[in-house]
Each structure stands twice: as structure tokens, then as C-alpha cells.
Amino acid sequence: MSAVFEFSDEQREFRDMVRRFLETHSTETSVREWMDDDGGYDPAVWKDMAGQLGLQGLIVPEAHGGQGFGPVELAIVLEEMGHFLFGSPFLASAVLAVNALVEAGDEKAASDVLPAIASGEQIATLALCEAEGSWDPTSVTLSAKGGNGAFRLSGEKRYVLSGHVADVVLVAGRSEAGVSLFLVRGDAPGLERSPVPALDMTRKLATLRFDDVEATLVGEEGGAAASLSRALDRTTIALAAEQVGATQRCLDMAVEYAKDRFQFGRPIGAFQAIKHKCADMLLELESARSAAYYASFAAADAASGDDLEEITALTKGYCSEAFLQVAAENIQIHGGIGFTWEHAAHLYYRRAKSTDLLFGDAAHQRGRLAGRIGL
């Protein structure tokens, strides 16, 4: 694809609309309320978002009740959500689960589930990770026994995004034919869900235990590893955009404080050490932004095809490190007050640490990249 990309007027207007909604509904006060709430989000805001903006159906195909937009519009939304630390099941339901269902290529499952996800009436998620914490679909061991589309699942899944509130759980399991994708209802007998205490309290995780749980096969039995990898790549690119939005907010906070905080009769931003630190933060941010935008445009370009895994690995690795560095420097510029519970700086640092690990940290991504290019 061309290295030149820019947003259209419609996309810039769309960003403004999303930002106005989040400015109203995702204030620091509301974020802290969602942190303390078992659900981790406000159902009323979730409903308003579906009714006013239809974001839950942003990348759901129009044939299944969605808006049919692509990775570029999704990156716009995630970047704004990252800026405001929006707490909701959006990444799990409207991004990860939708990508998994679309990539599975099962029209019946898509028509059964996607309309309810798109309308915001139901929340979905994907359960992939197990005890060893691998995001590699080929490492799945959860047992799936059965046939003719009806299976029984036994085992455990870890770090499931919004797994405690999901109405629909897409589960990666291993049947005799190999890694397969299954659909389980959130209230299925034998399914036990436990919230997991997490460093980032703005994004809820759960452990799911399956004790001979009835499940429906999605897609081809034994053929899910490749489709899950593609779904993870597309979701990881969206997550990189979220990291960029949060990184921008960390820089904004640092610069604002450097202008307002006076020492020896001068704003601390006038001192070379702080000035250089802010310049380095800007460099990290803009480099990460370029990578995330390129990845989202590449994901929208069918010609990128086989290169998308390399692009995803490179982008996630860089954006994770940039977010971590800028979030840490933001705390340093605040002279340590960012470590206090009352200041928002630590919330962004916690998000930076958690998103580094989500879908594989920078080391994991570089390993994928090295494998792809034969190193």
C-alpha cells in the first residue's frame, strides 16, 4: 500500500462526534466510578452510545445490522477512547468478538449473534488465553468433545476481557480435528465466571471455568487457528490506536503541569531537563501515531494481506513501549504526585502496563516479527 495516508473530512467529523460524546460521558469522575463498579461500565452510557452513535456495530457488516466501517474508523474510535480511558466492554465485544466471528466465516453464527452485538443489546467476548498466558491460538488445550456441531467444553480460560458480563462467549478449544471456535451462552450450565483483580482497574478481566459446558461449533472444526490469528491481528491494531490516544493524554497532562508549576520563579517547563523530556515524549508519541495509523490503513487495504502479521507485530511492540515510556515520564514531570491515588497519572500508567501485555508484549511481538522474516 502507499505510505501516504490521511483522514477524509467525514472521518475527521466522525472523530469530533466521538470525542464530544466521550468528553461528556467519560470524565475522570465517571472512570473512577466504573473502576469501583463490579461491571466496570455504565449500562446507561453503553445504551446511549449504541443509540446515538451506533459504535457497537461500527465494524459489523451492514448485512448483520452494523455500520460496515473498517479498521480506519475503528482506529479513530479507539484512539479517542484511549484518550479518555473509557471503561466499557467495547474492545471485547465490538472489536475482538466481532473480528473473531467475521474471520470465522460462519454466516449462520454471524447472523445469530452479530445483530445483538451491533445494537448493544448483548455483550460478547473471546476466551483464548489459558494458564500459561499465551495468545498463540495454536497453544490452546481446552478440551472440546462431541460432533455434528454440538460439543462439550471442559477446562479454564484466563484474562478474558469483560468475561464476567458477557452474554456470549466465543471459546477457542481443541477437538480431535484441532483448534476450533465455539459459542457458549453466558448463562450456560457448568460455566463459572470469576472477576480477576487487575493492575488496570479500568478494564475488567475474568477467569472462566468450563465443566462439561454445551457449546456450538463456529466455522470449520479444526480450522480456527488461522482465523483467530487474523482476528487478533486486527484487534491488536485497534488496541495500538487506543495506546496512542492515551499516550497523547499523558503528554498533554505533563505539558500542562510543566507550564503551571513554578519553581524558583519560573515554570518548570522552562528548565532544560523538563523541556528535553517533553520533546522526547512528543517524539515517542508521533512515532507511535505514525505506526498505528499506517497499520490501520494497511488493515483496510486488502493488498496488505500476508504482510499484516508483520505490520501488527511491529506496531504493537512500538506503541506499547512508547505508551509505557510517556506514561512513566508523565509521573516524573509531576514530581511524584502522579503516584498518589487522587491523581489520574497512575491510571494511565496502569493502562500502559496492562496493554503492553494484552495480546502479547513487545518481546512477544518482536519474536513474531523475527519468525515472519526468518531471523
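What follows is a chat between a biologist and a modeller about a predicted model.

Biologist: Let's start with the helices: at what angle do α9 and α10 pack, and are they roughly parallel or roughly antiparallel?

Modeller: Helix α9 covers residues 308–333 and helix α10 covers residues 345–357, with axes 9 Å apart. The angle between them is about 155°. Angles over 145 degrees count as roughly antiparallel, so for α9 and α10 the answer is roughly antiparallel.

Biologist: Which residues of α10 make the contact with α9?

Modeller: The crossing of this pair is left-handed. On the α9 side the contact uses Lys316, Ser320, Phe323, Leu324, Ala327, Ala328, Asn330 and Ile331. On the α10 side the residues are Ala345, Tyr348, Tyr349, Arg351, Ala352, Lys353, Thr355 and Asp356.

Biologist: And what is the handedness of the crossing between α8 and α9?

Modeller: Helix α8 runs over residues 272–300 and packs on α9 at about 155°, with the axes 9 Å apart. Because angles over 145 degrees count that way, α8 and α9 are roughly antiparallel to each other. As for the handedness, α8 passes α9 in a crossing that is left-handed.

Biologist: Staying on α8, which residue's side chain makes a polar contact with the side chain of tyrosine 293?

Modeller: Tyrosine 293 sits in helix α8. Setting aside neighbours within four places in sequence, tyrosine 293 is in contact with Phe5, Phe7, Arg15 and Glu79. The side-chain polar contact, at 3.4 Å, goes to arginine 15.

Biologist: Is tyrosine 293 buried or exposed, and what separates its C-alpha atom from that of phenylalanine 5?

Modeller: Buried means under 20% relative accessible area, so at 14% tyrosine 293 counts as buried. Along the chain, tyrosine 293 and phenylalanine 5 are 288 residues apart. Their C-alpha atoms, though, are separated by 8.2 Å.

Biologist: Over to strand β6: which side chain does the side chain of serine 194 make a polar contact with?

Modeller: Strand β6 spans residues 191–196, and serine 194 has its place there. Not counting residues up to four places away in sequence, serine 194 touches Leu205, Ala206, Thr207 and Arg209. The polar contact, side chain to side chain at 3.1 Å, is with arginine 209.

Biologist: Leucine 191 is in that strand too, so to speak; what is the C-alpha separation between leucine 191 and histidine 334?

Modeller: Leucine 191 lies in β6 and counts as buried at 13% relative accessibility. Leaving aside neighbours within four places in sequence, its contacts are Val184, Arg185, Gly186, Leu208, Arg209, Phe210 and Val213. Histidine 334 is 143 residues away along the chain, and the two C-alpha atoms are separated by 45 Å.

Biologist: Any odd backbone angles? Which loop holds leucine 85, and is that residue buried or exposed?

Modeller: Leucine 85 has a positive phi of about 50° although it is not a glycine. Its place is the loop between α4 (71–84) and α5 (90–104). With a relative accessible area of 2%, where under 20% is the cut-off, leucine 85 is buried.

Biologist: What about phenylalanine 264: buried or exposed?

Modeller: Phenylalanine 264 is another non-glycine with a positive phi, at about 55°. Phenylalanine 264 is found in the loop between β8 (262–263) and β9 (266–267). Exposed means over 50% relative accessible area, so at 72% phenylalanine 264 is exposed.

Biologist: How far apart are the C-alpha atoms of glycine 57 and glycine 120?

Modeller: Glycine 57 is in the loop between α3 (43–52) and α4, and it is buried, with a relative accessible area of 2%. Not counting residues up to four places away in sequence, glycine 57 touches Gly66, Gln67, Gly68 and Ala118. Glycine 120 lies 63 residues away along the chain, and the C-alpha separation is 7.8 Å.

Biologist: Last one: how many disulfides are there?

Modeller: A disulfide needs two cysteine sulfur atoms within 2.5 Å. For cysteine 319, which is buried at 1% relative accessibility, the nearest cysteine sulfur is that of cysteine 250, 14 Å away, and cysteine 319 is in no disulfide. Cysteine 129 is also buried, with a relative accessible area of 1%. The count of disulfides comes to 0.

Technical notes:
Residues numbered from 1 in each chain as written. Predicted model: local features only at pLDDT ≥ 70, side-chain atom pairs only at ≥ 80, totals over all residues. Heavy atoms only, no water. Helix = DSSP H or I, 4+ residues; strand = E, 2+ residues; numbered from the N terminus. Polar contact = N/O pair within 3.5 Å; in protein donor to acceptor, adjacent residues only side chain to side chain. Contact = heavy atoms within 4.5 Å. Buried < 20%, exposed > 50% of the residue type's maximum accessible area, 1.4 Å probe, protein only. Axes fitted to C-alpha atoms, helices over the stretch in contact; angles between N-to-C directions. Parallel < 35°, antiparallel > 145°, perpendicular 65-115°, else oblique. Left-handed = near helix turned anticlockwise from the far one by under 90°.
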